[in-house]
Amino acid sequence: MPVPVTPIPSSLLQQCQPSPPPSDPITYGASVLWNELLLTDLQNCNSQIDGIRQIEKTRASQ
């Protein structure tokens, strides 16, 4: 009996996009706030990658 393949949700396959810079030219204060946004973007991308890894790990163990 074939084992059903777990599909990867489309939410995990969306391309990660960094937040745009807040202003031009960037001031020191704006860069500090932008860094926080970029770190959040990075955490979200890493969560997507971790989700895909977990699905692939489950597939490999079946």
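Student: How many helices and strands are there in the protein?

Tutor: There are 2 helices and 0 strands. Helices (H or I, at least four residues) and strands (E, at least two) are DSSP runs, numbered from the N terminus. One thing to know early: this is a predicted model, where local features need pLDDT of at least 70, side-chain atom pairs count only at pLDDT 80 or more, and totals for chains, interfaces and linings use all residues. Residues are numbered from 1 along each chain as its sequence is written, and side-chain values use heavy atoms, with hydrogens and water left out.

Student: What does the radius of gyration say about the protein?

Tutor: The radius of gyration is taken over C-alpha atoms, and the globule rule is 2.2 Å times the number of residues to the power 0.38. Here the radius is 18 Å, well over the 11 Å that the rule gives for 62 residues, so the protein is more spread out than a compact globule. Along the principal axes, the C-alpha atoms fill a box of roughly 60 × 15 × 10 Å.

Student: How do I read helix α2 (residues 28-61)?

Tutor: Start with an expected span, which is 1.5 Å times one less than the number of residues in the helix. Helix α2 has 34 residues and reaches 49 Å from its first C-alpha to its last, close to the 50 Å expected at 1.5 Å a residue.

Student: Which residues of α2 are buried?

Tutor: Buried means under 20% relative accessible area, exposed over 50%, and partly exposed in between (1.4 Å probe, protein chains only). In α2, the buried residues are A30, S31, D41, C45, Q48, G51 and I55. They pack against α1, where contact means heavy atoms within 4.5 Å. Of the 62 residues of the protein, 15% count as buried.

Student: What does a disulfide join here?

Tutor: In general, a disulfide is a covalent bond between the sulfur atoms of two cysteines. The test used is a pair of cysteine sulfur atoms within 2.5 Å. A search of the whole structure finds 1 disulfide. That disulfide joins C16 to C45, with S to S at 2.2 Å. The pair links distant parts of the chain, since C16 sits in the loop between α1 and α2 while C45 is in helix α2, 29 residues apart.

Student: Is C16 buried or partly exposed, and what about C45?

Tutor: C16 is partly exposed because its relative accessible area is 30%. C45 is at 17%, so C45 counts as buried.

Student: Which residues form a salt bridge?

Tutor: The general idea is that side chains of opposite charge can pair when their charged atoms come close. The cut-off asks for a side-chain nitrogen of Lys or Arg within 4 Å of a carboxyl oxygen of Asp or Glu. The whole structure has 1 salt bridge by that search. E56 forms a salt bridge with R59, and the closest N and O atoms are 3.0 Å apart. Both residues lie in helix α2, 3 residues apart, about one turn of the helix. E56 is partly exposed at 37% relative accessible area, and R59 is partly exposed at 27%.

Student: What is I8 in contact with?

Tutor: Leaving aside neighbours within four places in sequence, I8 is in contact with L13, I52, I55, E56 and R59. So you meet both salt-bridge partners again, E56 and R59. I8 is found in the segment before α1 (10-13), and I8 counts as partly exposed because its relative accessibility is 23%. The C-alpha atoms of I8 and R59 are separated by 11 Å, though the two are 51 residues apart along the chain.

Student: Where is S19, and what does S19 touch?

Tutor: S19 is in the loop between α1 and α2. Not counting residues up to four places away in sequence, S19 touches W34, L37, L38 and D41. With a relative accessible area of 17%, S19 is buried. L38, for its part, lies in helix α2 and touches P18 as well as S19, with the same four places left out.

Student: Which peptide bond is cis?

Tutor: As a rule, most peptide bonds are trans. The bond from D24 to P25 is cis, with omega near 0°. P25 is found in the loop between α1 and α2.
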